[in-house]
Amino acid sequence: MALSPAAATAAAATVALAALCLFAAPTAGFYLPGVAPNDFDKKDPLPVKVNKLTSIKTQLPYSYYSLPFCKPDTIVDSAENLGEVLRGDRIENSPYTFEMREPQMCQIVCKISVGQKEAKVLKEKIEDEYRVNMILDNLPLVVPIQRVDQEGAYFYQHGFHVGAKGQYSGSKDEKSFIHNHLSFTVKYHRDAQRDVSRIVAFEVKPYSVKHEYEGQWNDKKTRLTTCDPHAKRIITSSDSPQEVDVGKDIIFTYDVDFKESDIKWASRWDTYLLMTDDQIHWFSIVNSLMIVLFLSGMVAMIMLRTLYRDISKYNQLETQEEAQEETGWKLVHGDVFRPPSNSDWLCVYVGTGIQFFGMLLVTMIFAVLGFLSPSNRGGLMTAMLLLWVFMGLLAGYSSSRLYKLFKGSEWKNIALRTAFTFPGSVFAIFFFLNALIWGQKSSGAVPFTTMFALVLLWFGISVPLVFVGSFLGFKKPAIEDPVKTNKIPRQIPEQAWYMNPIFSILIGGILPFGAVFIELFFILTSIWLHQFYYIFGFLFLVFLILIVTCAEISIVLCYFQLCSEDYLWWWRSYLTSGSSAIYLFLYATFYFFTKLEITKFVSAVLYFGYMLIASYAFFALTDELVICHPIIQS
């Protein structure tokens, strides 16, 4: 699955990509196809569809026909699900039509005359390295590129470039050349018994060719001299490229070849989903896992030894009747369950974190089991959106349960804040970014009707479910504290410099970030560099590591805080793991300046806007563990 910035737009709208950016995607080769295969007889028509134009330099998708390409008699939009619209997909028919197992050479599509407007827009798209995306039998078009490190191995680029910049020999002036000849290869798996075929690969090699022809132009019947199927003169290079300039004609042509393959239909995505740097990926994942497991073991050992030593010391003092007064964490047992300041907001963010946690957990379970097929474009985003909406029930329930523990009585107020605080702030950022995309006339802008559907899901389903969950949670008996809280708060002694709240919170966020930052690199690469990435197996493992890490670091720092006789642990334990979102945003900034080539101001604003939403979502996600602490501390 190759994600685009439009996918990031979707994430913003659905409050899901934030989590997706952190935990995105199933082990290659393990999934259910999700759609029924299409069987083709010989000479059956194979219509090619076109999708959006994408660029890693601008991150702004455009519709295929925004460029002066050849058009069919009638342009028909394909039916798109909600996830596809949010991803920015714009799937339409094209003038390219093949016949199954019928090779074609040098077929003319059309000829266009380049005016000033056409030349300008083509040169801009070539300068920004835009790629053309096509689809055949639900398979995306890819360009096979030879790997340098392995002989005979390829990795696949999603889509082909509109054109390229270059110079004529002997000239220093840089020109723009368009890829106007496409050499397609369709691989199929044949069933010998029924004599039907199933498409398993769709590849292309683009060329720039300045076509010439004999006599008068006669549309598709014109005989070209640069390539001729009758003389079996084929195009294998771009030695005489087609320049984009005002007043010049561009002739679009294509070849199509059919090759039988041993790849079965159910495994046709495996080649697309192979990581280009799988060895580095495996090493990074194992290395990260070993480090986190080692740190987890150390944390557990320190906790057990420290607690055992403290408890033994207390028991020894009591048996010797030398316990004049309590010390350490035992001293603040009468204040440890005192409600924190601004406890209402703590309840709100705990509920939001539970909502994220439930959405991610269910999504990844289905993904690991293989139910989210890459052939179902937009399916993952649609599923996450719906799960987010329905998980509002858990958000309301958990926030009201914690609110009742704090002796609160206005559960409707908490439900209202839970339903609107996080989604509302994210929607405001998303609306601003979407307005910028509209200003660039990009197809990635979410249409008004889709925006209305999102608001309807929010207000019509999510908000009512939050109120239902809050009502059910508040109706249950309150959680009882294991010890009584003193009426008079105990004075907190002066703390050591390393127990300063800001310092300890920032230090505590390093470990959770360390558990995910290696995987984060691959996910950011998938999103912003438009590469295939589909490894939910690794992702689920990283997700579990993150949960354990957040819990352990919060417990350990909370223990040290209580040992210093500081009982104001509620907010600090929440912010300890949540501070990893700061490192996430800093890493995203580092990635922007070291890995991306974004030069336009609007594109930079979009990048940092999406990553701000991602960091905010990660901040909310890591807070749900705070509700475990009352049980732990008891």
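Start by selecting Glu 127: with a relative accessibility of 39%, this residue counts as partly exposed. Keep in mind throughout the tour that you are looking at a predicted model.

**Stop 1: Glu 127 and its partner**

Now add Lys 165 to the selection. Its side chain forms a salt bridge with Glu 127, and the closest N and O atoms are 3.3 Å apart. Lys 165 is partly exposed as well, at 35% relative accessibility. Colour by secondary structure and you'll find Lys 165 in strand β9 (residues 163-167) and Glu 127 in helix α4 (residues 116-127), so this pair ties together parts that are 38 residues apart in sequence.

While you're here, step along to Glu 129, in the loop between α4 and β4. Check its backbone: phi is near 60 degrees, a positive value in a residue that isn't glycine. That's worth a look because most residues other than glycine have a negative phi. Glu 129 is partly exposed, with a relative accessible area of 31%.

**Stop 2: a buried charged pair**

Next, select Asp 137 and Arg 268. Their side chains meet in a salt bridge, 3.1 Å from N to O. Asp 137 sits in the loop between β4 (131-136) and β5 (139-140), while Arg 268 sits in the loop between β13 (249-260) and α5 (270-273); the pair links distant parts of the chain, 131 residues apart. Are these two buried or exposed? Asp 137 has a relative accessible area of 14%, so it is buried. Arg 268 is buried too, at 2%.

**Stop 3: Arg 190, Asp 195 and a network**

Move to Arg 190 and Asp 195, whose side chains meet in a salt bridge at 2.7 Å, N to O. Arg 190 counts as partly exposed at 34% relative accessibility, and Asp 195 counts as partly exposed at 33%. Then select Asp 39, Asp 191, Arg 194 and Arg 198: salt bridges with shared partners join these residues into one network. If you want to hunt for others, the structure holds 13 salt bridges.

**Stop 4: the nonpolar cores**

Hide the charged residues and bring up Tyr 96, Phe 98, Met 134, Phe 184 and Phe 202. The largest nonpolar core has 121 residues, and these five touch the most other members. Helix α17 supplies the largest share of this core, 12 residues.

Centre on Phe 98 and show what surrounds it. Setting aside neighbours within four places in sequence, its contacts include Pro 45, Leu 46, Val 48, Leu 136, Phe 184, Val 186, Phe 202, Tyr 254, Val 256 and Phe 258. Asp 44 and Gln 104 are also among the contacts of Phe 98.

A second, separate core has 20 residues. To find it, select Cys 347, Leu 405, Cys 558 and Trp 569, which are among its members.

**Stop 5: α13 against α17**

Show helix α13 (residues 510-528) and helix α17 (residues 601-621) on their own. Their axes come within 14 Å and cross at roughly 145 degrees. The crossing of α13 past α17 is right-handed. Which side chains should you turn on? From α13, pick Val 516, Leu 524 and Trp 528; they meet Tyr 607, Tyr 610, Met 611 and Phe 618 in α17. By class, this contact has 7 nonpolar residues, with no polar and no charged ones.

**Stop 6: Tyr 207**

Jump to Tyr 207 in strand β12. With a relative accessible area of 13%, Tyr 207 is buried. Beyond four places away in sequence, it touches Ile 178, His 179, Asn 180, His 181 and Ser 183, along with Ile 235, Thr 236, Ser 237 and Ser 238. Try a distance label between the C-alpha atoms of Tyr 207 and Pro 241: these residues are 34 apart along the chain, and the atoms are separated by 7.9 Å.

From here, follow the chain to Asp 219, in the loop between β12 (196-207) and β13. Asp 219 is another non-glycine residue with a positive phi, about 55 degrees. At 53% relative accessibility, Asp 219 counts as exposed.

**Last stop: Leu 454**

Finish in helix α11 (residues 448-475), where you'll find Leu 454. It is buried, with a relative accessible area of 6%. Add Phe 427, 27 residues away along the chain: the C-alpha atoms of Leu 454 and Phe 427 are separated by 9.8 Å.

Key: Residues are numbered from 1 along each chain as its sequence is written. This is a predicted model: local features need pLDDT of at least 70, side-chain atom pairs count only at pLDDT 80 or more; totals for chains, interfaces and linings use all residues. Side-chain values use heavy atoms; hydrogens and water are left out. Axes are lines fitted to C-alpha atoms, for helices over the stretch in contact, and angles run from 0 to 180 degrees between N-to-C directions. Helices (H or I, at least four residues) and strands (E, at least two) are DSSP runs, numbered from the N terminus. A crossing is left-handed if the near helix is turned anticlockwise from the far one by less than a right angle, and right-handed if clockwise. Contact means heavy atoms within 4.5 Å. Ala, Val, Leu, Ile, Met, Phe, Trp, Tyr, Cys and Pro count as nonpolar, Asp, Glu, Lys and Arg as charged, and the others, Gly among them, as polar. A salt bridge is a side-chain nitrogen of Lys or Arg within 4 Å of a carboxyl oxygen of Asp or Glu. Buried means under 20% relative accessible area, exposed over 50%, partly exposed in between (1.4 Å probe, protein chains only). A nonpolar core is a set of buried Ala, Val, Leu, Ile, Met, Phe, Trp, Tyr and Cys residues joined through side-chain atoms within 4.5 Å.
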